[in-house]
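Welcome! Here are some short exercises to work through, each followed by a solution in steps. Have the sequence and the model open beside you.

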Amino acid sequence: MDLRETTVVTRISANIETEDFAAAAMLGERLIGEFEATELEICRADPEGGWTGYLVSVGYRTPPADGEDPAETLHRAAVPALFHFGLNAEFFEIHGTPETGQYGSYDAYDVPADGFTLYSLMASVGGTDPREPAYVTRHDFTPRAETDVISRVHLYVPTGDLRLAVDLCGRPATDLSASLVRISTDAGPCEAVLLSAFPALAGESGDEALSRVTREVTDRLSHVSMSVRAIHTALEDDPFSTEPG
């Protein structure tokens, strides 16, 4: 991502109680349209984290105005979301200092909305790097095991339209049983990251599981009409801290 250091990204996070990825994707597309978002994340809720179904987040950008201090930009950036959901702007709080960095947040207190629940609203400087490591749940919402193999696939999506990118990524997300999908754009083709957790088979060693999952993921991507930039597999959640080659 090539964001200006002063650009504020407001992130809206919601929970939709469904196990249907298509329904979660539809919510994502809807929020993208309502807020002209430039980044999206859809992930299966952790079965041990208190939510059920999917967590859907979108982010939209707000550049600073001339003569505006960071706190004023953070407040102004949050106004469209606060107004949209009927939230009291007085409860949007700025944290930190100009010296240490600032961000704004509204504790949504699980606000019911049209078919979903709003649970977080935050504004901060900069966007989410789609390559950032993340925890990923299993495709069937069952608890994870230490022997699970994690796959991470990086795609370049041939469109700058985030809503169209969500639609294009639906097939590979389903084929890979992806539990976390991140898509972002920066005035050009979208970049997508898909993460999946595959349980090891009975009697299978770690190396055997890694080889099997790598073969399966590669095979499932053979019919994807997008550029596959990288495929990673590992036995832990955070092996992706470097730029994929």
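**Exercise 1. Find the strands that pair with E8, and give a bridge partner in each.**

Step 1. Strand E8 (residues 149-157) pairs with strand E10 (residues 190-198) in the antiparallel sense, over 9 bridges. Strands here (E, at least two residues) are DSSP runs, numbered from the N terminus, as are helices (H or I, at least four). Two strands pair if DSSP finds at least two bridges between them.

Step 2. Within E10, cysteine 190 is the bridge partner of valine 157.

Step 3. E8 also pairs with strand E11 (residues 227-234), again antiparallel, over 7 bridges. Here serine 151 has threonine 233 of E11 as its bridge partner.

A note on the model: it is predicted, so local features need pLDDT of at least 70 and side-chain atom pairs count only at pLDDT 80 or more, while totals for chains, interfaces and linings use all residues. Residues are numbered from 1 along each chain as its sequence is written, and side-chain values use heavy atoms, with hydrogens and water left out.

**Exercise 2. Decide how far E8 is enclosed.**

Step 1. Buried means under 20% relative accessible area, exposed over 50%, and partly exposed in between (1.4 Å probe, protein chains only).

Step 2. Of the 9 residues of E8, 8 are buried, so the strand is largely enclosed by the rest of the structure.

**Exercise 3. Explain why cysteine 169 and cysteine 190 are not bonded.**

Step 1. A disulfide is a pair of cysteine sulfur atoms within 2.5 Å.

Step 2. The closest cysteine sulfur to that of cysteine 169 is in cysteine 190, 7.9 Å away, which is too far for a bond.

Step 3. The structure holds 0 disulfides.

Step 4. Cysteine 169 is buried at 1% relative accessible area, and cysteine 190 is buried at 0%.
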